[in-house]
Amino acid sequence: MYYRIGTIKTIKEGEHEVDIKRDFTQEEQEKYFQYRKYLGLHINNKNLYNLIVRNGEEFEHFLDTIKDKDPSEIGSPDYVVFEANRLFMNYLSMIRTYIDHIPSSLSKTFDSKVKDEFDEFLSVIYDNYFEYRFLYKLRNLAQHFGIPISNLISNEQGNHITMSQSYLLSYKKWGTVKEEVKNMEESIPVKGLALRMNVIMNTVYLFVMKFYVEGIIESLKWFDSLQGELGGSTILAVSDSPEEYGKGKFKFQPMNTDEFINAVHDLNENPGIN
């Protein structure tokens, strides 16, 4: 492919002026595409993490909503348990999606050592946090064995959604977590599990950020330098070859620097990683 770079200026709404100024060098192309990889990794990390948080918050909100209502106001027990399972299984699924997708994104952006470092970090998280290993195994149960939530209990303390310890123990693939499940009560409350897990997943999210934070900051400085040289917002003209470009056969490709600026804002919201 053949690339040239220039500036784009808005004349009025829906009308732009493009001024292509020079070749976009091979060295610049390599930098740009590497920076795009950092950005793609950040967007993937952020979106997947936010899906975990939102699903967890929706689940906890549902539990809060039914807690203090009269049982006649919340629907049948079957409906309440169904809704709780729907929300909880969505939450468990998003955790697993994050755990599966992030290593792949890391491998596409960095060498295998970075993926190995992430896997080692998850092993430490697994060993140190009961909620993480419990929900990790619970997601496997939900996928391969059955729905996890079984009961709605209504008493003087309100309405509570619970899992059955004896039912959970009928699943045979708990591994070492089985002993911890055995130490639980028969009625295992689910309220608070997602909130505590969200805190743990925030630690994982920030850990992944550390791999690309320098690249994102470096990319914004590079874009600032380009815009300073060229005198405005940058755009690429892309063609199959110089000859095709000379014939007017090319397409414009915005460089979308706003996406990098937004990424830096995200990083600045977590100053501990800079």
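This is a short tour of the model, stop by stop, with something to select at each one.

**Before you click**

You're looking at a predicted model, in which local features need pLDDT of at least 70 and side-chain atom pairs count only at pLDDT 80 or more, while totals for chains, interfaces and linings use all residues. Numbering starts from 1 along each chain as its sequence is written, and side-chain values use heavy atoms, with hydrogens and water left out.

**The whole chain**

Show everything as a cartoon. The protein chain has nine helices and seven strands; these are DSSP runs numbered from the N terminus, helices being H or I with at least four residues and strands E with at least two. Line the view up with the principal axes, and the C-alpha atoms fill a box of roughly 75 × 45 × 35 Å. The radius of gyration of the protein chain is 25 Å, whereas a compact globule of 274 residues would have one near 19 Å. That radius is taken over C-alpha atoms, and the globule rule is 2.2 Å times the number of residues to the power 0.38.

Switch on a surface: its accessible area is about 14,700 Å², with 49% belonging to carbon and sulfur atoms (Shrake-Rupley method, 1.4 Å probe). Of the 274 residues, 46% count as buried, where buried means under 20% relative accessible area, exposed over 50%, and partly exposed in between (1.4 Å probe, protein chains only).

**The open sheet**

Next, select 2-12, 15-23, 234-239 and 251-254. Four strands make an open antiparallel sheet here, ordered β2-β1-β6-β7. At the edges sit β2 (15-23) and β7 (251-254), each pairing on one side only. Neighbouring strands are turned by 35° against each other on average, direction ignored; the axes behind such angles are lines fitted to C-alpha atoms, for helices over the stretch in contact, and angles run from 0 to 180 degrees between N-to-C directions.

Zoom in on β1. Strands β1 and β2 run antiparallel and are joined by eight bridges (two strands pair if DSSP finds at least two bridges between them). One pair to pick out is Ile5 with Arg22 of β2. The two strands form a hairpin with two residues between them, and Gly14 in the turn has a positive phi of about 85°.

Now look at the β6 side of β1, where six bridges hold the antiparallel pairing. Try Gly6 with Ile235, then Tyr2 with Ser239.

**Into the core**

Select Phe88, Tyr98, Phe118, Phe134 and Met163: these have the most contacts inside the largest nonpolar core, which has 82 residues. Such a core is a set of buried Ala, Val, Leu, Ile, Met, Phe, Trp, Tyr and Cys residues joined through side-chain atoms within 4.5 Å. Helix α7 (residues 193-230) supplies its largest share, 19 residues.

Centre on Phe88. Which residues does Phe88 touch, leaving aside neighbours within four places in sequence? Phe59, Leu135, Leu138, Pro148, Ile149, Met163 and Leu193, with contact meaning heavy atoms within 4.5 Å.

**Last stop: Asn256 and Thr257**

Asn256 lies in the loop between β7 and α9. Its phi is near 50°, a positive value in a residue other than glycine. Asn256 is partly exposed, with a relative accessible area of 39%.

Step on to Thr257, in helix α9 (residues 257-268). Is Thr257 buried or exposed? Thr257 counts as buried, because its relative accessibility is 13%. Beyond its neighbours within four places in sequence, Thr257 is in contact with Phe223, Gln227 and Thr234.
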